[in-house]
Amino acid sequence: GAIAGGVDGGTRAYQSYRNIWNGRTTNKSAVYDAGAYANGKIKGSGRFVGKAKHNLAENVLERAQRRKIVNGLEFEKRLTHNGYVIIPDVLYTGTDMKAIIYDFKFGYANRSIAQFMRTRQMRRYREFAKEVYVFKY
């Protein structure tokens, strides 16, 4: 009974984008949720509204990080890689040194994620990080 319950509980945790072993929210789902929250909270369009949404999402993630809900996230950190400067919205560099970049895209109704992934910015991100996630709202 105990083993089956543990396996079932782990499965449910994984399906909710939570770590199987400790039930914590994954960084990926927390970043997505922060962007969705910012997008719903701030209405409008344009670059100033987009920047305000970025700032709100980062504030939510900083608060989550202080509460130990997520860990290892850095925000708009300026990096030089292969002679280029990149400034990812959110960068994860954990103890495993596996760099993951999360990028918010607010607006851009006519662009797909596949189109974003072909841009120069995303090519440079992929050269630097093991994984790149674009969250479009």
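A residue counts as buried when its relative accessible area is under 20%. Tyrosine 137, with a relative accessible area of 18%, is therefore buried. Keep that residue in mind as we walk through this structure, which is a predicted model.

Let us start with the strand that ties much of the picture together. All 7 of the 7 residues of S5 are buried, so this strand is largely enclosed by the rest of the structure. Both of its faces are covered. On one side sit Ala99, Ile101, Asp103 and Lys105, and on the other Ile100, Tyr102 and Phe104. S5 covers residues 99-105, and it has a pairing partner in S4 and another in S6. With S4, the pairing is antiparallel and runs over 4 bridges; here tyrosine 92 stands opposite isoleucine 100. With S6, residues 131-136, the strands run parallel and 6 bridges join them. In that pairing, tyrosine 102 has tyrosine 133 as its bridge partner.

Between S4 and S5 the chain makes a hairpin with 5 residues between the strands, and within this hairpin methionine 97 takes a positive phi near 60°. Most residues other than glycine have a negative phi. Two other residues share the feature of a positive phi: glutamate 76, near 45°, and asparagine 82, near 55°. Glutamate 76 is placed in the loop between S1 and S2, while asparagine 82 lies in the loop between S2 and S3. With a relative accessible area of 30%, glutamate 76 is partly exposed; asparagine 82, at 55%, is exposed.

Now turn to the interior. The largest nonpolar core has 19 residues, and those touching the most other members are Val31, Leu61, Leu73, Val90, Tyr102 and Phe104. Helices H2 and H3 and strands S1, S4 and S5 each supply at least two residues of this core. A second, separate core has 11 residues, among them Ile86, Ile101, Tyr125 and Ala129. Notice how S5 takes part in both: Tyr102 and Phe104 are on one side of the strand and Ile101 is on the other.

Valine 31 is a good place to look more closely at the larger of these cores. Not counting residues up to four places away in sequence, valine 31 touches Leu61, Leu73, Val90, Tyr102, Phe104, Phe135 and Tyr137. Valine 31 is also one of the buried residues of H2, alongside Asn27, Ser29, Ala30, Ala34, Gly35 and Ala38. An α-helix has 3.6 residues a turn, so residues three or four places apart point the same way. The cover over the buried residues of H2 includes H3, S1, S4, S5 and S6. How far apart are the end C-alpha atoms of H2? They are 21 Å apart, which agrees with the 21 Å that its 15 residues should span at 1.5 Å a residue.

From H2 we can move to H3, where histidine 54 is found. Is histidine 54 buried or exposed? Its relative accessibility is 14%, so histidine 54 counts as buried. The side chain of histidine 54 makes a polar contact with the side chain of aspartate 89, at 3.2 Å. Leaving aside neighbours within four places in sequence, histidine 54 is in contact with Phe104 and Phe106 as well as Asp89.

Those two phenylalanines bring us to the aromatic residues and back to tyrosine 137. The structure holds 9 aromatic pairs. In one of them, phenylalanine 104 and tyrosine 137 form a tilted pair, 6.4 Å centre to centre with 40° between the planes. This pair links distant parts of the chain, since phenylalanine 104 is in S5 and tyrosine 137 is in the segment after S6, 33 residues apart. Both of these residues are buried. Phenylalanine 106 and tyrosine 137 form a stacked pair, with 5.2 Å between centres and 20° between the planes. Here too distant parts of the chain are linked: phenylalanine 106 is in the loop between S5 and H4, 31 residues from tyrosine 137. Phenylalanine 106 has a relative accessibility of 10% and so counts as buried.

Finally, step back to see the rings together. Ring pairs link Tyr32, Tyr102, Phe104, Phe106, Tyr133, Phe135 and Tyr137 into a cluster.

Terms used. Residues numbered from 1 in each chain as written. Predicted model: local features only at pLDDT ≥ 70, side-chain atom pairs only at ≥ 80, totals over all residues. Heavy atoms only, no water. Core = buried A, V, L, I, M, F, W, Y, C linked by side-chain atoms within 4.5 Å. Buried < 20%, exposed > 50% of the residue type's maximum accessible area, 1.4 Å probe, protein only. Contact = heavy atoms within 4.5 Å. Polar contact = N/O pair within 3.5 Å; in protein donor to acceptor, adjacent residues only side chain to side chain. Pairing = 2+ DSSP bridges. Expected span 1.5 Å × (residues − 1). Phe/Tyr/Trp six-rings, centres within 6.5 Å; stacked < 30°, edge-to-face > 60°.
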